[in-house]
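Work through the exercises below with the sequence and the model open. Each task is followed by a solution in steps.

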Amino acid sequence: MITKWVSGCPYQLDAVIEEVPAAPRAEGLTASALGNGLEFTRTLAENDRVYGLGETTRGINKRGNRIVSYNADNPHHLPDTVSLYGAHNFLIVSGEEHWGFFFDTPARVIFDVDVDHSGVLCVRCDSANLTVYSIQGDSDKDVAEQFLHIIGRSFIPPLWAFGFGQSRWGYKTKQDFRAVADGYQKNRIPLDYICMDIDYMDRFIDFTLNPKNFPDFSEFCQEMRSRGLRLVPIIDAGIKVEPGNPVYEEGVARGYFCKNKDGKDFQAAVWPGMTHFTDFFRPEAREWFGRQYAALTEKGIEGFWNDMNEPAIFYSEATSRTAKKDYIPGSDGIYQTGVNLVDYKNFYHNIDGKSVVHHEVHNAYGYLMTRSAGEQLDKMLDKRYLLFSRSSYIGAHRYGGIWTGDNTSSWHNLRMAVHQMPSLNMCGFLYVGTDIGGFGGNCSRELLLRWLALGVFTPLMRDHTAKGTRRQECYRYWFKRDFRTVVGLRYRLLPYLYSEYMKAAIRGKLYFRPLSFDFPEDAEAAQVEDQLLVGESIMITPLLEKGKRKRTVYLPEDMTKVLYDGSFHTSCLERGYHEIHARTNQVVFFIRKDCLVPIAEGAEHAEAVDMENVTLLGDGSCYQQYLDDGQTKDYGESHIRTLTK
Ligand code: MIG
């Protein structure tokens with residue numbers, strides 16, 4: 001059962017694309033006025049849990065946290081960090097009843113999820129122009145699936161995007177990229193793509209290539225393709241202000257950039273220096289910006305990542321003088337969200353002919369950039385594209401995936417990834433992943449192997465790190481065979497991982513789930529935050545502690561334990577608690593009762609994996625495999641074949 005309550009005059013952002021009946025109130029919540037905005041509360045019973053809220057830094061159960069939707073370029077992913085890059089305003093209250101609530105507003109929202117242990121969920125919305133969706137269901141899973149249905153089908157990337165990718169901020173020349181390709185191929189560690197960070201551009205100008213380093217980019221793309229690799233360039237949100245830059249000139253001439261209060265094109269500094277920001281709220285500007293990606297697709301590029309689209313701003317004329325940050329008041333003090341409010345109140349969008357200050361619609365900016373790219377890439381390429389974005393809002397999940405931004409090489413951030421994945425799925429984002437090994441800081445060999453072992457199961461599996469950190473490519477570390485084993489597992493599991501992703505996307509289901517979603521009656525399962533269900537057959541139990549070669553796992557039912565060390569070793573374990581052992585070159589996961597997992601021989605590229613000839617592991621009797629060419633857009637149940645044991 002879903003109803004919506006429309007308050008005031010909300011912006012039409014197409015987060016929800018199905019018809020939902022209107023109700024006279026926000027069902028399941030108590031609403032009251034709060035300044036210019038609205039406050040929604042709901043009393044929580046002692047054992048109620050709260051799920052969802054996407055890309056946040058702590059816990060699968062969000063109870064006991066304060067979370068702020070106000071998209072921020074924030075590299076500090078700490079337990080008490082309140083804002084990251086996305087606004088994912090959907091949560092599930094789980095207890096005697098199962099309710100889902102989606103606060104559809106691009107303005108700031110503060111979620112006090114019983115932060116002070118007063119037994120109250122309190123959601124404070126800056127704006128009273130919003131739509132609140134209330135979902136009632138039989139279970140948490142049912143609520144989540146009802147939500148996935150109304151927000152529309154997830155983005156589906158090509159098969160090669162389910163391979164492993166390497167990235168590093170600082171690769172600049174063809175030599176740099178060739179060295180990565182060589183490093184992986186000489187050591188026979190599988191790899192499908194290499195990301196190009198901002199240094200491939202001409203002075204950080206979007207849609208350009210450094211003329212000295214890439215005078216013949218088409219040939220270079222071809223060279224990489226012939227080695228089984230693809231290049232995935234970054235695109236930043238801001239367009240450099242510079243006469244002679246055709247995108248700048250055309251954007252100015254057509255009036256597609258955001259304005260300041262005097263009606264002039266707003267400018268602020270990011271990587272290229274002073275930039276203008278495309279007004280993605282205007283459909284014609286969105287289409288125009290998206291078409292610019294052709295500069296690279298024409299040369300052979302099939303995938304991109306969109307960065308700095310909160311949008312991130314280093315400084316502006318106003319903020320070089322006063323650097324005032326956004327603060328939010330809490331009953332227990334003042335919290336800084338790390339965002340520069342002065343800038344966000346200094347520029348304007350044109351929405352349906354009306355001038356709207358950015359601050360009021362801030363959270364939708366990154367989404368609309370991704371939509372701009374996605375809509376045009378879909379038209380320009382006759383096959384699927386890869387796209388993932390840093391900033392997002394629900395709705396963006398139909399156009400691309402996301403990565404969780406500038407994390408750090410820390411064990412806490414690895415654990416956090418386990419919490420983020422299912423929470424993002426609940427908000428619609430299926431193609432998700434973290435910077436494997438951590439973006440900031442120096443990654444140890446042990447941490448990288450453990451992070452890769454989790455990354456094997458995340459749809460986006462990319463190793464990425466910042467300039468100035470330790471080299472983080474797998475082949476830079478001692479005893480490369482271990483990396484070949486762990487990354488290799490991804491390719492051996494590809495028939496399963498791809499099938500499960502595709503089935504989740506076309507059927508509107510979750511790919512990652514907390515244990516409690518499948519075992520709602522199991523009080524032990526509800527407490528588990530360091531294990532996940534991945535697709536229909538697998539449960540993962542990652543090792544998340546430094547120096548540990550064993551951990552305790554909870555099995556909500558009898559399962560088959562699989563230990564992979566280059567070959568698969570299986571054993572049956574009964575429901576209950578067990579200690580499992582895994583050295584850094586071993587990955588342990590579980591196959592659920594009455595389930596199967598198809599295993600391939602593996603290969604060095606996703607497209608080279610033989611998906612047809614598979615071995616079946618587990619004690620089930622049949623498996624539904626999704627099989628297609630990995631490029632076609634004609635998705636559907638007809639691509640499913642049933643394998644029997
Ligand atoms: O200000 O392009 O999150 O992945 O390597 C930093 C450089 C800008 C932030 C992204 C990160 C990327 C980096 N970018």
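**Exercise 1: a charged surface patch**

Glu 574 sits in the loop that runs between strand S34 (568-573) and strand S35 (576-581). The model used here and in the other exercises is predicted.

Task: Determine whether Glu 574 is buried or exposed, and state which residues form the negative surface patch.

Solution.
1. The relative accessible area of Glu 574 is 59%. The cut-off for exposed is over 50%, so Glu 574 is exposed.
2. The negative patch is formed by Glu 574 together with Asp 558, Asp 594 and Asp 619.

**Exercise 2: cysteines**

Task: Find how many disulfides the structure has, and explain why Cys 443 is not bonded to Cys 474.

Solution.
1. Searching the whole structure gives 0 disulfides.
2. A disulfide requires two cysteine sulfur atoms within 2.5 Å.
3. For Cys 443, the closest cysteine sulfur belongs to Cys 474 and is 9.7 Å away, which is too far for a bond.
4. Cys 443 is buried, at 0% relative accessibility. Cys 258 is also buried, with a relative accessible area of 0%.

**Exercise 3: backbone geometry**

Task: Locate the cis peptide bond between Glu 310 and Pro 311, then place Asp 14 and Leu 53, two non-glycine residues with positive phi.

Solution.
1. Omega is about 0 degrees at the bond joining Glu 310 to Pro 311, a cis peptide bond. Pro 311 belongs to the loop between strand S18 (303-307) and strand S19 (325-330).
2. Asp 14 has a phi of about 60 degrees and lies in the loop between strand S1 (2-7) and strand S2 (30-34). Asp 14 is partly exposed, at 33% relative accessible area.
3. Leu 53 has a phi near 60 degrees and lies in the loop between strand S4 (49-52) and strand S5 (65-69). Leu 53 is buried, with a relative accessible area of 3%.

**Exercise 4: salt bridges**

Task: State how many salt bridges the structure holds, and describe the pair Glu 607 and Arg 230.

Solution.
1. The structure holds 45 salt bridges.
2. In one of them, the side chains of Glu 607 and Arg 230 meet at 3.2 Å, N to O. This pair links distant parts of the chain, 377 residues apart: Glu 607 is in the loop between strand S37 (597-599) and strand S38 (615-617), and Arg 230 is in strand S14 (residues 230-236).
3. Glu 607 is partly exposed, with a relative accessible area of 39%, whereas Arg 230 is buried, at 4%.
4. Salt bridges also link Asp 73, Asp 307, Glu 310, Arg 390 and Asp 406 in a network.

Methods: Residues numbered from 1 in each chain as written. Predicted model: local features only at pLDDT ≥ 70, side-chain atom pairs only at ≥ 80, totals over all residues. Heavy atoms only, no water. Patch = residues over 30% accessible without salt bridge, like charges linked within 9 Å, V, L, I, M, F, W, Y side chains within 5 Å. Areas by Shrake-Rupley, 256 points an atom, 1.4 Å probe, with all protein chains shown as cover. Salt bridge = Lys/Arg side-chain N within 4 Å of Asp/Glu carboxyl O. Lys, Arg positive; Asp, Glu negative; His and termini not counted. Charge placed at Lys NZ, Arg CZ, Asp CG, Glu CD. Helix = DSSP H or I, 4+ residues; strand = E, 2+ residues; numbered from the N terminus. Buried < 20%, exposed > 50% of the residue type's maximum accessible area, 1.4 Å probe, protein only.
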